[in-house]
Amino acid sequence: MSLGYAEKLSYIEDVGNVGMSEFFDSSHVLQEKIERLAEMIQKSKHLVVFTGAGISTSCGIPDFRGPKGIWTLQREGKPLPEASLPFHRAMPSMTHMALVELEKAGILKFIISQNVDGLHLRSGIPREKLAELHGNSFMEVCPSCGVEYFRDFEVETIGLKETSRRCSDVKCGAKLKDTVLDWEDALPTKEMLPAEKHCRMADVVLCLGTSLQITPACNLPLKCLRGGGKIIIVNLQKTPKDKKASLVIHGFVDKVIAGVMNLLNLRIAPYVRIDLLQVIITQSLSLDERYVNWNLRVASVHALKAPLPFIKSIEVSFTDAQKYKAAVLHDQPFNLKRRTAPAEAFEILLKLNFSDGCGCPSIQINVPVNFKVSSDCFNLDKESAIQNLKERAIQDLCCGQNALIERKVILEPKTEVANHALVTNIKAFNSDSWSNGDVKHPRGVNGTKTSRKRSFGRKRKSRF
């Protein structure tokens with residue numbers, strides 16, 4: 001997954017220490033340290049979390065410096081690990097989602113991330129409470145007006161270069177740039193200033209899954225020491241900052257954080273992935289005005305020419321199967337052209353076949369078509385509609401739900417655009433399975449319903 005990012009980086013000889021040995025605290029020592037960590041987090045007034053590649057390895061994303069890390073294998077001349085699923089389909093880990101709960105509970109004040117996988121944003125961390133020091137592989141930014149665009153596809157460039165898309169603001173229209181740094185790029189001031197500010201304010205800086213080698217980022221946690229703050233490091237390898245830390249834990253990050261969440265009596269909500277697409281129908285009368293020539297297009301909401309990475313193919317059929325010929329669209333852009341009588345009303349059935357990494361194989365969207373009826377635009381409260389979708393997915397513990405969230409009409413050429421939201425993944429977490437001594441990976445729910453209902457509300461009282 002991070003392989004593409006690593007391959008895009010400029011070549012340098014020295015990437016620091018790699019292939020470092022991993023250490024594991026014994027079970028009773030680990031439990032004692034988890035209890036100390038939970039107590040320090042509960043008592044903290046300004047908790048800052050500093051994250052590295054180690055929090056995403058359980059998501060299927062290889063790290064860089066571990067025994068099987070990308071740079072370790074490169075230096076040893078060994079083949080690189082194969083990604084278990086596409087980068088754009090990676091889902092947040094238990095740790096990512098636990099941090100969301102800590103932020104909602106008012107405990108976590110800020111996150112500083114060295115990762116480019118975008119999983120903190122996907123998990124639900126507010127952008128204003130996150131500094132992405134090295135950028136985001138799924139983010140484009142307008143250099144003119146500063147607007148950020150979080151994509152469902154991996155941006156094709158790195159090194160703060162121009163991409164193929166433009167700012168959607170009609171008053172701007174500048175060419176967008178990627179946000180991922182190359183080796184020679186300086187850390188962005190926009191990310192560094194709030195990171196430094198919060199580290200100075202922090203009474204606890206919790207470092208998760210990072211070797212703390214890359215400067216100047218690795219020195220940020222040290223800024224809390226002057227104000228009496230404490231550094232905690234959770235990592236499988238030793239780091240250059242261990243001597244500065246009040247507590248060093250050698251264990252899997254997910255297992256440690258699961259134990260902390262249990263001690264704080266905070267439940268971890270499931271992760272629900274919602275993707276968007278637009279269905280566009282453009283129509284025009286034939287020259288003899290006897291027919292309507294219409295074109296169906298299923299496209300990305302990010303740009304007409306942007307990819308739809310989660311769609312593999314589309315099966316198009318009609319309610320009147322004898323009158324209209326079905327079709328299968330295999331190649332992007334997904335287009336279908338047809339001709340019908342102007343007075344005819346019908347319904348298009350779109351079976352969306354999902355790509356690898358989605359939690360269910362397909363869903364169906366019904367698209368009513370009536371060329372005689374003038375359609376009014378409407379724009380639902382998107383946030384409310386998406387929240388309702390998430391709640392339905394969590395209640396059913398399955399994916400495949402969808403909703404129409406926006407509809408607009410363009411007069412010339414006559415076009416109807418309908419934006420749909422789709423639940424393409426749900427991943428539930430059971431922190432008990434991690435903290436009882438056995439490391440078990442959280443389960444993904446792949447569209448299979450279950451009768452078991454769970455409460456994901458946060459409890460009020462901790463065990464301290």
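User: In this predicted model, which residue of S7 stands opposite Val141?
Analyst: The structure is a predicted model. Strand S4 covers residues 139-141, and it pairs with S7 in the antiparallel sense over 2 bridges. Opposite Val141 in S7 stands Lys177.

User: Which residue of S7 stands opposite Arg166?
Analyst: Strand S6 spans residues 162-166. S6 and S7 pair over 2 bridges, in the antiparallel sense. Facing Arg166 in S7 is Lys175.

User: Along strand S7, which side chains point to one face and are buried?
Analyst: The side chains of S7, residues 175-178, alternate. Lys175 and Lys177 point to the other face and are not buried. That leaves the buried pair, Leu176 and Asp178.

User: Glu140 meets which residue in a salt bridge?
Analyst: Glu140 lies in strand S4. Its partner sits in the loop between strand S5 (148-150) and S6, 11 residues apart from Glu140. The N to O distance is 2.6 Å. The partner is Arg151.

User: Is Arg151 buried or exposed?
Analyst: Buried means under 20% relative accessible area. Glu140 has 0%, so Glu140 counts as buried. Arg151 has 4%, so Arg151 is also below the cut-off. Its state is buried.

User: How many residues apart in sequence are the parts that Lys382 and Glu406 tie together?
Analyst: Lys382 and Glu406 form a salt bridge, with the closest N and O atoms 3.1 Å apart. Lys382 is partly exposed at 35%, whereas Glu406 is buried at 13%. Lys382 lies in helix H8 (residues 382-396) and Glu406 in strand S19 (residues 402-410), so the separation of the parts they tie together is 24 residues.

User: How far apart are the closest N and O atoms of Asp275 and Arg273?
Analyst: Asp275 and Arg273 form a salt bridge. Asp275 is buried, with a relative accessible area of 3%. Arg273 is buried too, with a relative accessible area of 3%. Their closest N and O atoms are separated by 3.2 Å.

User: In what order do the strands of the open sheet run?
Analyst: The sheet has 4 strands, and the pairing is antiparallel. Strand S14 (327-329) and S17 are the edge strands, each pairing on one side only. From one strand to the next, the twist averages 20°. The order is S14-S13-S16-S17.

User: Which residue of S14 stands opposite Val316?
Analyst: Strand S13 covers residues 311-318. S13 and S14 run antiparallel, joined by 3 bridges. The residue opposite Val316 is Ala327.

User: Why does Phe371 count as buried?
Analyst: Phe371 sits in the loop between strand S17 (362-370) and strand S18 (378-379). It touches residues more than four places away in sequence, including Gln283, Val292, Trp294 and Lys414. The cut-off for buried is under 20% relative accessible area. Phe371 counts as buried because its relative accessibility is 8%.

User: What separates the C-alpha atoms of Phe371 and Trp294?
Analyst: Phe371 touches Trp294. Along the chain they are 77 residues apart. Their C-alpha atoms are separated by 9.7 Å.

User: How many residues of helix H4 are buried?
Analyst: H4 covers residues 94-104 and is mostly covered. The buried ones include Met94, His96, Leu99 and Glu103. After H4 comes Gly106, with a positive phi near 85°. Of the 11 residues in H4, the buried number is 10.

Methods:
Residues numbered from 1 in each chain as written. Predicted model: local features only at pLDDT ≥ 70, side-chain atom pairs only at ≥ 80, totals over all residues. Heavy atoms only, no water. Buried < 20%, exposed > 50% of the residue type's maximum accessible area, 1.4 Å probe, protein only. Pairing = 2+ DSSP bridges. Contact = heavy atoms within 4.5 Å. Axes fitted to C-alpha atoms, helices over the stretch in contact; angles between N-to-C directions. Salt bridge = Lys/Arg side-chain N within 4 Å of Asp/Glu carboxyl O.
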